[in-house]
There are 2 protein chains.
Amino acid sequence: ACALSLVFHSRSPHVPTLRGDVRLFELPERGELWFGGGADLTPFYLDEADAQSFHGFWRRLCGRVLGPDEGDALYARCKRTCDEYFWIPARREHRGLGGIFFDQMRELRGEVETAEYFAREVAAGFLTPYLPIVRRHWAQPVGGAERRWQLLRRGRYLEFNLLYDRGVRFGLAQLDKVMVSAPPLIAWEYGPAASQPVREDEALLEVLREPREWAFGAMDGEIVEFLEDD
Amino acid sequence: ACALSLVFHSRSPHVPTLRGDVRLFELPERGELWFGGGADLTPFYLDEADAQSFHGFWRRLCGRVLGPDEGDALYARCKRTCDEYFWIPARREHRGLGGIFFDQMRELRGEVETAEYFAREVAAGFLTPYLPIVRRHWAQPVGGAERRWQLLRRGRYLEFNLLYDRGVRFGLAQLDKVMVSAPPLIAWEYGPAASQPVREDEALLEVLREPREWAFGAMDGEIVEFLEDD
């Protein structure tokens, strides 16, 4: 097995958290081999242009690997898997705006090589859609109320990791290594402390409860119908 | 079922965290009823006098309920259960200095009434051994290096709660209520950030790896032998 995993916990609450990973599991004696990976975005404030450019990048990447039609289906599948995976049942919230996620992928279009090519492209693409988002937001002024919201939202991130993430549960024997994925500073509040000023984002919370399509527009009739049917 | 649960997350790293709870489960149609509860201390810096006075209080309380000999055995059992319960396998550390913990206690000395009396006494005693500890430490000066150590150690507290605590896993459907037990601010660090000044306590870490006896001295020959045998 080998894996590459990264997470950026931004200091600024206006810059989203980025997580990405790729992994390869191989059992040569059984002739088994599969790929997994993905990338997803967890903002503290909803910026629809960010969500669209991030998801649009992954949709186009899938199209480069499989051609436009099969690519759209691949993206749609990976997008949905991502939404399903980063779900916190106890909060009835998704962790973020999603992205793509795939697991136990042995082949694409019947070819191991294409699956490997896809995994490699995903890994090579982690930063491409993220850096423009960082540049758009990093210099925005930050007040205490935004910072507080960021620390509280990071609590959700950690709740997901410790309560549900397969990677964390799988890596428990080396918890110190797994916990490098934790945000550096996190807050939980309740009662009187929770009444301090905080700049929430109700629009974000709405998307976390009910994921939206970001890369498909009204022009993408068939694939959107396929998504709605299922 | 009814339960009372409390946790004090101290602002000062010189004041330990205190957790206590009592609970009663009853299934009248099956004639089942049992008590549970306990109290434990989680300091950031080891103060042996604190550990001794805290554990000494619970030992004496057990003695008041059952008399000195049976009381010592009850305390020793509850102390060991507490050490076993607040154990983070992935860190090979206990969460704190322990205290007492009991669960599914139907009777004491063959009497439901005595078990209930014990549970009531435990609940009534939460603050008695804690307040003198708070008074001894609350005014000690705090620097950034102590504060940082506190935030890092709180991470262990939360890891235990989310990864292992039965109360949290039992209460997942109401995670917001369960998470009031979380410390208000927590840090995880690694890499270059982890090289900032921090005032660790190696003596504390040693006790967390290998719990000690705090309430029994060399004069308590038999009970100490019993503990060592088992």
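**Exercise 1. A surface patch on chain A**

Task: In this predicted model, find the helix that holds L131(A), and state which residues make a nonpolar surface patch with L131(A).

Solution:
- Step 1. L131(A) belongs to helix α4 of chain A, residues 130–137.
- Step 2. The relative accessible area of L131(A) is 36%. Buried requires under 20% and exposed over 50%, so L131(A) counts as partly exposed.
- Step 3. Patch residues must have over 30% relative accessible area, and L131(A) has 36%.
- Step 4. F8(A) and L127(A) join L131(A) in a nonpolar patch of about 230 Å².

**Exercise 2. Positive phi in chain A**

Task: For R92(A) and R109(A), give phi, then locate each residue and classify its exposure.

Solution:
- Step 1. Phi of R92(A) is positive, about 50°, although R92(A) is not a glycine.
- Step 2. R92(A) sits in the loop between β4 (87–88) and β5 (93–94) of chain A.
- Step 3. With a relative accessible area of 61%, R92(A) is exposed.
- Step 4. R109(A), also not a glycine, has a positive phi near 55°.
- Step 5. The loop between β6 (98–105) and α3 (112–125) of chain A contains R109(A).
- Step 6. R109(A) has a relative accessible area of 44% and is therefore partly exposed.

**Exercise 3. Strand pairing in chain B**

Task: Determine how β3(B) and β6(B) run relative to each other, parallel or antiparallel, and how many bridges join them.

Solution:
- Step 1. Strand β3 of chain B covers residues 32–42, and β6 of chain B covers residues 98–105.
- Step 2. The two strands run antiparallel and are joined by six bridges.
- Step 3. For the register, D40(B) is opposite G99(B) of β6(B).
- Step 4. Six of the eight residues of β6(B) are buried, and the strand is mostly covered.

**Exercise 4. Length of α5(B)**

Task: Check the span of helix α5(B), residues 144–163, against the expected value.

Solution:
- Step 1. The helix has 20 residues, and at 1.5 Å a residue it should span 28 Å. The factor 1.5 Å is applied to one less than the number of residues.
- Step 2. The end C-alpha atoms are 29 Å apart, which agrees with the expected span.
- Step 3. As for cover, 17 of the 20 residues of α5(B) are buried.

**Exercise 5. Relation of the two chains**

Task: Which operation superposes chain B on chain A?

Solution:
- Step 1. The operation is a rotation of 180° with 0.0 Å of shift along its axis, and the RMSD is 0.0 Å.
- Step 2. The two copies are therefore related as by a two-fold rotation axis.
- Step 3. In chain B, I186(B) has the C-alpha nearest the axis, 2.6 Å from it.

Methods. Residues numbered from 1 in each chain as written. Chains lettered and ligands numbered in written order. Predicted model: local features only at pLDDT ≥ 70, side-chain atom pairs only at ≥ 80, totals over all residues. Heavy atoms only, no water. Buried < 20%, exposed > 50% of the residue type's maximum accessible area, 1.4 Å probe, protein only. Helix = DSSP H or I, 4+ residues; strand = E, 2+ residues; numbered from the N terminus. Pairing = 2+ DSSP bridges. Patch = residues over 30% accessible without salt bridge, like charges linked within 9 Å, V, L, I, M, F, W, Y side chains within 5 Å. Areas by Shrake-Rupley, 256 points an atom, 1.4 Å probe, with all protein chains shown as cover. Salt bridge = Lys/Arg side-chain N within 4 Å of Asp/Glu carboxyl O. Least-squares fit on C-alpha atoms with pLDDT ≥ 70 in both.
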